[in-house]
Amino acid sequence: MAQVFVSDHPLVQHKLTLLRDVNTEPKRFRELLKEITWLLLYEATKDLKVEEWPVTSPMGSTVGRKLTEEIAFCPILRAGLGMIDPALELIPGAQIWHIGIYRDHETLQPIEYYTSLPKKATAQVAIILDPMLATGGSAVAAVDLLKRIGVPRIKFVGMIAAPEGLERLHQIHPDVDVYVASVDEYLTPEPQKPGDPPAGYIVPGLGDAGDRQFGTK
Ligand code: PRP
Ligand code: URA
C-alpha cells in the first residue's frame, strides 16, 4: 500500500502559509512553489537506489555512493511547470516528461492535450509534479499514461491534496506514494447560488495554482 507523506517541517509549513495567502503576488508565489518543491523532493527521493563509487578527494580516497536509477520528472501542465527548476537543481541529469492535462471546468474530467513521453519507459522512477491534487482525476490520468509505457515506480509530489483526491488516487493506483505539504479539508460542492465558488476547488487550498503562478484570471 502506498504512503502519503505530509511534511510537518517548519520551513515547509511557513512557506505553505505564505503560498496560500491571497496577497502573495505571482513572483513570490513562484519562488515559494520552487522552495517547497525542493524541500518535498528531498523526502520523495529518500529511497532512490545508490551504488558504491570510489572517489579521491585532495586528502585521500574513500568509497562514496552514486545514484544508479534513471529519474524522470513529469510536470502536469501548466501548474507543474514551476516545479521543474527545483527538481533539476536536485537531479540535473533527470529527464523531463511533460504531461499536458487540464481539468474541464464543467465536468471536472481530465482532458489530455499534449504529452512528450518516450514510447517505452527510459526511467525506473517517474515523479509527477503538480501543486494540486483535487478530485484526483488529473493525477490518475497521469499515472495511467506512465504505467502504459511501463514505468516501474511512480511518485506524486504536490503542495496540497484533498482527502477525496487522495482516496481516489489510491483506490485506482495503490502503489503511488504521495508527498505533499498539506492534506486540506474538502472540495467545494456544486454552486447553489450566484457568488458561490465553482465546484472542485480545495478548501482552504490556495485557489487556482496555475492562475496564481502565471498571473492569469
Ligand atoms: C489544476 C492542477 C491539477 C488539477 C487538479 O490544473 O494543477 O492539474 O487542476 O485537479 P483534479 O485533481 O481535480 O484533476 P488545471 O486543470 O487548473 O490546469 P492548469 O494548470 O493548466 O490551469
Ligand atoms: N486546481 C487548482 O489549481 N486548485 C484547486 O483548488 C483545485 C484544482
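**Figure 1. Ligand 1 in its pocket.** In this predicted model, ligand 1 occupies the largest pocket. The shell around ligand 1 holds 15 residues. R103, D130, A134, T135 and S138 come nearest. By class, the shell around ligand 1 splits into seven nonpolar, four polar and four charged residues.

**Figure 2. Secondary-structure elements around ligand 1.** Four elements each give at least two residues to the shell around ligand 1. Three are strands: β4 (71-77), β6 (99-103) and β9 (132-133). The helix α4 (137-148) is the other.

**Figure 3. Polar contacts and cover of ligand 1.** The backbone of R103 places a polar atom 2.7 Å from an oxygen atom of ligand 1. A polar backbone atom of A79 lies 3.1 Å from an oxygen atom of the ligand. R78 uses its side chain instead: an N or O atom there is 3.1 Å from an oxygen atom of ligand 1. On its own, ligand 1 has 500 Å² of accessible area, and the protein covers 91% of it.

**Figure 4. The shell around ligand 2.** Ligand 2 also takes up space in the largest pocket. R103, M132 and A134 surround ligand 2, together with G200, Y201, I202, G207, D208 and A209. R103 and A134 are thus shared: both are among the residues nearest ligand 1, and both surround ligand 2. The shell around ligand 2 has five nonpolar, two polar and two charged residues.

**Figure 5. Backbone contacts and cover of ligand 2.** I202 has a backbone N or O atom 2.8 Å from an oxygen atom of ligand 2. A209 offers a backbone N or O atom to an oxygen atom of ligand 2, also at 2.8 Å. At G207, a polar backbone atom lies 2.7 Å from a nitrogen atom of ligand 2. The protein covers 88% of the 240 Å² of accessible area that ligand 2 has on its own.

**Figure 6. The open sheet that includes β9.** Three strands make up an open sheet, in the order β9-β11-β13, with parallel pairing. β9 and β13 (182-183) are the edge strands, and each pairs on one side only. β9 and β11 (residues 160-161) run parallel and are joined by two bridges. L133 has A161 in β11 as its bridge partner. Strand β9 also supplies at least two residues to the shell around ligand 1.

Notes
Residues numbered from 1 in each chain as written. Chains lettered and ligands numbered in written order. Predicted model: local features only at pLDDT ≥ 70, side-chain atom pairs only at ≥ 80, totals over all residues. Heavy atoms only, no water. Near = heavy atom within 4 Å. Polar contact = N/O pair within 3.5 Å; in protein donor to acceptor, adjacent residues only side chain to side chain. Areas by Shrake-Rupley, 256 points an atom, 1.4 Å probe, with all protein chains shown as cover. 1 Å grid on protein atoms, 1.4 Å probe; cavity = no way out; pocket = protein on both sides within 12 Å on 5 of 7 lines; lining within 4 Å. Sits in = over half its atoms within 2 Å of the grid points. Nonpolar A, V, L, I, M, F, W, Y, C, P; charged D, E, K, R; others polar. Pairing = 2+ DSSP bridges.
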